[in-house]
Amino acid sequence: MDIKIQEVSSKADIKKFVKFPFNVYKGNNYWVPPIIADEIKSLMPAYNPAFKHCKAKFWLAIDGQSVVGRIGAIINFDYNKKMQQNIGRFSRFECVNNIEVAALLFQTAEQWLKNEGMDIVMGPLGFNNLDHQGMMVEGFDHLPSIASEYHMPYYKDFCEQLGYTKEIDWVEFRLTVRDIPEKALKMNELIKQRHKLNVLTFNKIKELLPYGNQIFKVLNAAFAELFSVVAFDDEMVHYFVNRYLKLLNPKFVKLIENDNKEIVAFIIGLPSLSEAFQKANGKLFPFGFIHILKAIKHPQVVDLMLTGIEPSYQSKGVSAILITELQKTMLEHGVKYSETTGIFETNHDAINHWKSYEHIQHKRKRCFKKDLK
């Protein structure tokens with residue numbers, strides 16, 4: 001192979017960058033393709049406000065006329081200021097099964113980060129914690145949610161061969177939806193009465209949209225101390241509300257307010273769109289949106305996308321109320337399973353909570369790190 005590394009410098013290059021994984025995973029029954037148009041926009045400063053807080057470069061590996069790999073490098077200045085460290089991120093790595101290609105891509109990203117003054121590189125991480133993060137290292141025979149990741153098994157080996165070590169893992173669970181014990185229902189009512197809490201439910205997106213800013217306010221508070229997290233400003237909140245909230249089936253979203261009408265907790269369930277995205281194959285039109293609408297309305301699996309609880313309420317049993325209220329809706333709609341998205345392996349309270357349900361722990365993602373000094 002005669003590999004050349006080419007910096008992504010035009011919209012045509014971005015399209016090649018985004019479309020390359022479709023070649024890598026062709027014929028794979030478990031990879032869930034993104035919506036191409038959305039991925040393209042996420043890499044363009046004109047559309048993604050994260051570029052106001054981040055600096056990024058992206059590269060393609062070219063063999064003749066063919067793309068054989070890709071990688072990105074990101075510096076999140078707000079996160080580095082928070083951590084008081086010079087941390088670079090590698091992002092969106094994909095390549096054919098060839099260590100030479102992987103080595104050239106990583107060398108390119110690492111050198112750029114070193115030139116920008118970074119001392120450490122971690123990844124895969126995106127612009128923020130709602131962007132692509134983590135590399136799958138277990139669970140290759142399970143379908144991921146659209147909010148999770150799927151990778152080739154050899155990626156992990158390449159990272160280790162190139163000097164990367166584990167920083168932290170996320171684990172994911174598949175839960176079987178069962179009837180709710182009467183004791184749990186009574187306990188939830190007691191908790192609501194004791195702390196003067198009210199559960200908000202929704203039937204239409206237009207009912208949910210006015211709460212978007214309050215949801216992210218709770219998210220910022222709840223996630224403040226977590227790995228790789230930086231608070232979302234108003235512009236980023238607007239970006240994510242417009243990008244994601246309209247995709248939801250509002251019946252699977254539950255909010256909790258206190259007696260001052262302040263939102264103190266939320267859980268966002270999303271009817272699994274993984275198979276619908278596979279059928280759409282990267283395109284909403286002409287038929288992709290039909291598969292997605294059908295999946296939203298008639299779910300067999302619900303993905304637990306996000307849960308957030310305002311810190312002062314985290315030890316008051318609020319998490320049990322959230323999952324019980326969502327479980328009621330899942331039972332009403334005949335949902336058989338729910339899938340968690342990534343939970344940090346160090347979050348023992350959350351892990352123990354899910355282990356109290358009938359479950360399997362079936363997927364694991366990893367963040368790697370490497371010193372650049």
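**Exercise 1. Cysteines**

Is Cys54 buried or exposed? Then explain why Cys54 and Cys159 form no disulfide in this predicted model.

*Solution.*
Step 1. Take the accessibility of Cys54. Its relative accessible area is 6%. The cut-off for buried is under 20%, so Cys54 is buried.
Step 2. Look for a partner. The closest cysteine sulfur to that of Cys54 belongs to Cys367, 15 Å away. A disulfide needs the two sulfur atoms within 2.5 Å. The distance is therefore too far for a bond.
Step 3. Repeat for Cys159. This residue is buried too, at 0% relative accessibility. Its sulfur has the sulfur of Cys95 as its closest cysteine neighbour, at 9.3 Å. Again this is too far for a bond.
Step 4. Check the whole structure. The search returns 0 disulfides.

**Exercise 2. The nonpolar cores**

Identify the residues that touch the most other members of the largest nonpolar core, then list the contacts of Leu255.

*Solution.*
Step 1. Start with the core itself. It holds 89 residues. Phe93, Phe127 and Leu255 touch the most other members.
Step 2. Find the main contributor. Helix H4, residues 99-115, supplies the largest share, 8 residues.
Step 3. Turn to Leu255. Leave aside neighbours within four places in sequence. Leu255 then contacts Asn198, Val199, Leu200, Phe202, Leu208, Tyr211 and Ile215. Ile263, Ala265 and Phe266 are also in contact with Leu255.
Step 4. Look for a separate core. Another one, of 26 residues, lies apart from the largest. Its members include Ile256, Tyr313, Val318 and Ile321.
Step 5. Place this in context. Nonpolar side chains tend to be buried together in soluble globular proteins.

**Exercise 3. The second largest pocket**

Describe the volume, the lining and the residue classes of the second largest pocket.

*Solution.*
Step 1. Give the volume. It is about 500 Å³.
Step 2. Go to the lining. It has 23 residues. Leu143, Ser272, Glu275, Gln300 and Val301 are the closest to the pocket centre.
Step 3. Assign elements. Those giving two or more residues are helices H10 (274-280) and H11 (288-297), with strands S11 (301-309) and S14 (359-371). H10 gives the most, with 4 residues.
Step 4. Sort by class. The lining divides into 8 nonpolar, 8 polar and 7 charged residues.

**Exercise 4. Backbone geometry in loops**

Locate two cis peptide bonds and two positive phi values, and name the loop for each.

*Solution.*
Step 1. Take the bond between Gly123 and Pro124. It is cis, with omega about 0 degrees. Pro124 sits in the loop between strand S5 (120-123) and strand S6 (135-138).
Step 2. Take the bond from Phe285 to Pro286. This bond is also cis, with omega near 10 degrees. Pro286 is in the loop between H10 and H11.
Step 3. Move to phi. Asn281 is not a glycine, yet its phi is positive, near 55 degrees. Asn281 too is in the loop between H10 and H11. At 43% relative accessibility, it is partly exposed.
Step 4. Finish with Lys261. Its phi is about 65 degrees, positive in a residue that is not a glycine. Lys261 lies in the loop between strand S9 (253-257) and strand S10 (263-271). Its relative accessible area is 60%. Exposed means over 50%, so Lys261 is exposed.

Notes:
Residues numbered from 1 in each chain as written. Predicted model: local features only at pLDDT ≥ 70, side-chain atom pairs only at ≥ 80, totals over all residues. Heavy atoms only, no water. Core = buried A, V, L, I, M, F, W, Y, C linked by side-chain atoms within 4.5 Å. Buried < 20%, exposed > 50% of the residue type's maximum accessible area, 1.4 Å probe, protein only. Contact = heavy atoms within 4.5 Å. 1 Å grid on protein atoms, 1.4 Å probe; cavity = no way out; pocket = protein on both sides within 12 Å on 5 of 7 lines; lining within 4 Å. Points joined across faces, edges and corners; volume = space filled by probe spheres on them. Nonpolar A, V, L, I, M, F, W, Y, C, P; charged D, E, K, R; others polar.
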